[in-house]
Structures are given as structure tokens and as C-alpha cells.
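Visitor: I have a new model to look at and would like a guided tour. Could we go through it together, one question at a time?

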Amino acid sequence: MKGVKIGIIGCGCIAPTHIRAFQCIPDVEVVWACDLQAERAKELSEQFDIRQITTDYHEVINDADLDCVTVCTDHGSHAGIVVDALSAGRHVLCEKALASTRAGLDAIATAQKHHADLICAGVFQHRFDAVSRYLKRLIDKGVFGEILTASLEMRCLRTADYYDRDAWRGTWAGEGGSVLINQAIHYIDILAWIMGGVASVSGAFANITHKGNIETEDTASAALRFKSGVLGSMTATSGSHSAWEASFAMSGTVGYLELCNNNPIRVDFEDNEKSELIITELAAANEEPEMVLGKSYYGCGHRGLIADFVAAVREGREPFVSATDARHAVDIVLGIYESHRTGGWVKVGND
């Protein structure tokens, strides 16, 4: 088995989760810790016995012995680092959001075309959740009959302390937005993935509870037109007293399913046996053994996603969540922002 050497670029709150996931894989070693704040890189290196530290990511990507980098920095810096890493011949795993602007997304896509031999993957770990995979199978099998609607509602609480912790948070230049591009984007990705993609959006956003603290949005709502023609909706807020909740609902001609935090709220199919089977299978999916490597709301998917990324590098194949896949959710979010500003429907992406 080929040994793989990894460089961590960005040593903030998500970096330890990535490192723990890499450490679960045989013959993988994290050899660089890089952060603009030298002390933060030093602390991470001491915690995980990483032998090299730097404040300049170019030193990492130009290490001839390095195979891959994982990008865990602020959203606004993602595109530049990803493009530079690919240009230096490194495989890349990039945290969400893949980029904070369409120009950044396009720059990554161009770099991928120029370096097609390299793996470039995004982080949407909830695609590896057992319930997410189960929902996609139900949709793909046509269990709901003809799908009528599909919706998402996401609620969490982000305090002033959270936004004050890092200067880039809650800014258009640094974060690219707020609740949509940071917290809700995980669940927007799941909804889009299981429904086969979003074609256009019409939405609006507001800052209701964080006035004077952030310049971006803490609440948003949008209508979605999926590529299949099905209509849907999404709402998100980071001003809720609810610590962290995500609800999905799918309505079809023969059945309805509503989940909150992966637990069934209502399962109602014309065939009662089908309802009972789905309840049983959802319970089994929720009982699958999983390992939380970071904060509880990160879920358990980082380990599977990172294992798949390393396997893709070793096997020379596409990762399960390619950078192209990871772009779609960002295009949806950027479309909602644009729709708010223009007052109309916005086409998603470059399709």
C-alpha cells in the first residue's frame, strides 16, 4: 500500500477532525501544520505530533515529498490555495465552502482541467451518513411515487462570541455570507444530492438577530426548482434557540416522509406495510456504528469521506465527493444571494 503524506493548511476548529480521520488510515502521515497564526500551528503540531510547521502554505505545497493537502482555512482563501496546490502537483481536499465566489469556483474548475491527473475533492461529510444514503435510495427507487415537493428547514444558534472569534466570520469578503454558506450548506447539499440537483432558485435573506455584529445574513428562505422539475423550498437561521436541528420533508403521490435530525417525525404511505418497513429501516440506519471525531453536529462522515479521498488518490479514481460535486451547493447558495439582490429567479451553476 502506497504511503501518503498530508499537509494541513489551516489549523482552526475543523483541522483536528481531519487529522483524526487521516490517522485512522494505515500508512498515512500528516507531516505539515500550516496556519497564518504560528502559535496555532505549533499547538496543533504538538497535539498530533506533526513534525513540520509554517505560516506560509507555499512551503507546504512545494515540499517534493508531499502527496496531498487538506484545506481548512477561511472560505475566502480556499480558491487561491486549491489552485496553487494543484499547480504544484498536489492532490487536494478542500473543506466547504469550496469557494466563496463564482470567480473562485471557476478558477478551481480551470485548474482541475489543467491537472486532470490529480484528485480534487470537497468536504460534504453528511453524504456518508447512513440516513442520507438511505433517503437517496428511497428517491432513486421511486418509493414516493411521483415526487411533489421536497423541503429543508435548518435551525442553529451562532452567538456574537462565535463571530468575534475570527475576523473573517460574518463578512462578505472573508466568509462569503453566513448561515447559508457556512451552516446550512451541508443540508442544502444533501437535499440537492438526493433530489438530483437544483436548476434554479428564488430567495431572500435578512440579518435579524446579529445586527451590528455581522454584515451578512443570519436568516434565509428560498424556493427551489430541481432539475427534475420538482419544486421545493428551504429555510435556515442561525438565530434560533434550538442548538442544531435540520428537518427534511419529501411528499409524493403515494407517500410522505418527514425527518428531524435523521429521526422520523411522520411516515405516511398508502401502503401501511411500506410505512412500517421505512420506520424499521430508518431505525437500523440510525443504529449503524459510527465514530464522532469532532463536534457532534459535524456528524460521523468525515472518517468515511477522508478514507474515500485517500483511496481515490491511491487508486487514481474520482472521489465520492469531487470538487465538481462540492461546487453545486455553493452555486445554489450564491444563486440565493443573487436572487435576493435582483428580485428574480436565478439559474444555478453553468449548466
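Visitor: How many bridges join strand β9 to β10, and in which sense do the two strands run?

Guide: Happy to start there, and please keep in mind that this is a predicted model. Strand β9 covers residues 219-226. In this pair, Ala222 stands opposite Met234 in β10. The strands are joined by seven bridges, and their sense is antiparallel.

Visitor: Which residue in the hairpin of β9 and β10 takes a positive phi?

Guide: Look at the turn, where four residues sit between the strands. One residue of the hairpin has a positive phi near 100°, and that is Gly229.

Visitor: Which residue in β10 stands opposite Met154?

Guide: For this we turn to the pairing of β7 (residues 147-157) with β10 (residues 231-237). These two strands pair in the parallel sense over seven bridges. Opposite Met154 in β10 stands Ala236.

Visitor: Which strands are at the edges of the open sheet of eight strands?

Guide: Let's read the order across the sheet: β13-β12-β11-β7-β10-β9-β8-β14, with mixed pairing. An edge strand here pairs on one side only. The strands that do so are β13 (263-269) and β14 (346-347).

Visitor: What is the bridge partner of Glu258 in β13?

Guide: β13 is joined to strand β12 (residues 255-260) by six bridges, and the two run antiparallel. Within β13, the partner of Glu258 is Arg266.

Visitor: At what angle to β7 does helix α8 run?

Guide: Helix α8 spans residues 179-194. The helix lies across β7, β8 (198-206), β9, β10 and β11. Its direction relative to β7 is about 155°.

Visitor: Is Ser238 buried or exposed?

Guide: Ser238 lies in the loop between β10 and β11 (239-252). Leaving out residues up to four places away in sequence, Ser238 touches Cys156, Leu157, Arg158, Tyr163, Val179, Gln183, His210 and Asp218. Its relative accessibility is 0%, and the cut-off for this class is under 20%. Ser238 therefore counts as buried.

Visitor: What distance separates the C-alpha atoms of Ser238 and Thr159?

Guide: Along the chain, Ser238 and Thr159 are 79 residues apart. In space, their C-alpha atoms are separated by 8.4 Å.

Visitor: And Ser100, is this residue buried or exposed?

Guide: Ser100 is in the loop between β5 (91-94) and α5 (102-114). Apart from neighbours within four places in sequence, Ser100 contacts His75, Gly76, Glu175, Gly176, Ile181 and Leu334. With a relative accessibility of 11%, Ser100 counts as buried.

Visitor: Why is one side of β3 and of β6 left without a neighbour in the open sheet of six strands?

Guide: The order in this sheet is β3-β2-β1-β4-β5-β6, with parallel pairing. β3 (52-54) and β6 (120-122) stand at the edges, so one side of each has no neighbour in the sheet. The reason is that each has a single partner strand.

Visitor: Which residue in β3 is the bridge partner of Cys34?

Guide: Strand β2 (residues 28-34) and β3 pair in the parallel sense over three bridges. The partner of Cys34 in β3 is Thr54.

Visitor: What angle does the direction of helix α1 make with that of β1?

Guide: Helix α1 (residues 15-23) packs on this sheet, where it touches β1 (4-9), β2, β4 (68-71) and β5. The angle between the directions of α1 and β1 is about 175°.

Visitor: How many nonpolar residues does the contact of α4 with α5 have?

Guide: Helix α4 (residues 75-87) and α5 pack at an angle of about 10°, with their axes 9 Å apart. That makes the two helices roughly parallel. Ala79, Val82, Val83 and Leu86 in α4 meet Gly104, Ala107, Ile108, Ala111 and Gln112 in α5. By class, two residues are polar, none is charged, and the nonpolar ones number seven.

Visitor: How many charged residues are in the contact of α6 with α8?

Guide: Helix α6 (residues 130-141) packs against α8 at about 30° with axes 9 Å apart, and the crossing is right-handed. The contact is made by Ser132, Arg133, Leu135, Lys136 and Ile139 of α6 and Ile190, Trp193 and Ile194 of α8. Five of these residues are nonpolar and one is polar, while the charged ones number two.

Conventions
Residues are numbered from 1 along each chain as its sequence is written. This is a predicted model: local features need pLDDT of at least 70, side-chain atom pairs count only at pLDDT 80 or more; totals for chains, interfaces and linings use all residues. Side-chain values use heavy atoms; hydrogens and water are left out. Two strands pair if DSSP finds at least two bridges between them. Buried means under 20% relative accessible area, exposed over 50%, partly exposed in between (1.4 Å probe, protein chains only). Contact means heavy atoms within 4.5 Å. Axes are lines fitted to C-alpha atoms, for helices over the stretch in contact, and angles run from 0 to 180 degrees between N-to-C directions. Angles under 35 degrees count as roughly parallel, over 145 as roughly antiparallel, 65 to 115 as roughly perpendicular and the rest as oblique. Ala, Val, Leu, Ile, Met, Phe, Trp, Tyr, Cys and Pro count as nonpolar, Asp, Glu, Lys and Arg as charged, and the others, Gly among them, as polar. A crossing is left-handed if the near helix is turned anticlockwise from the far one by less than a right angle, and right-handed if clockwise.
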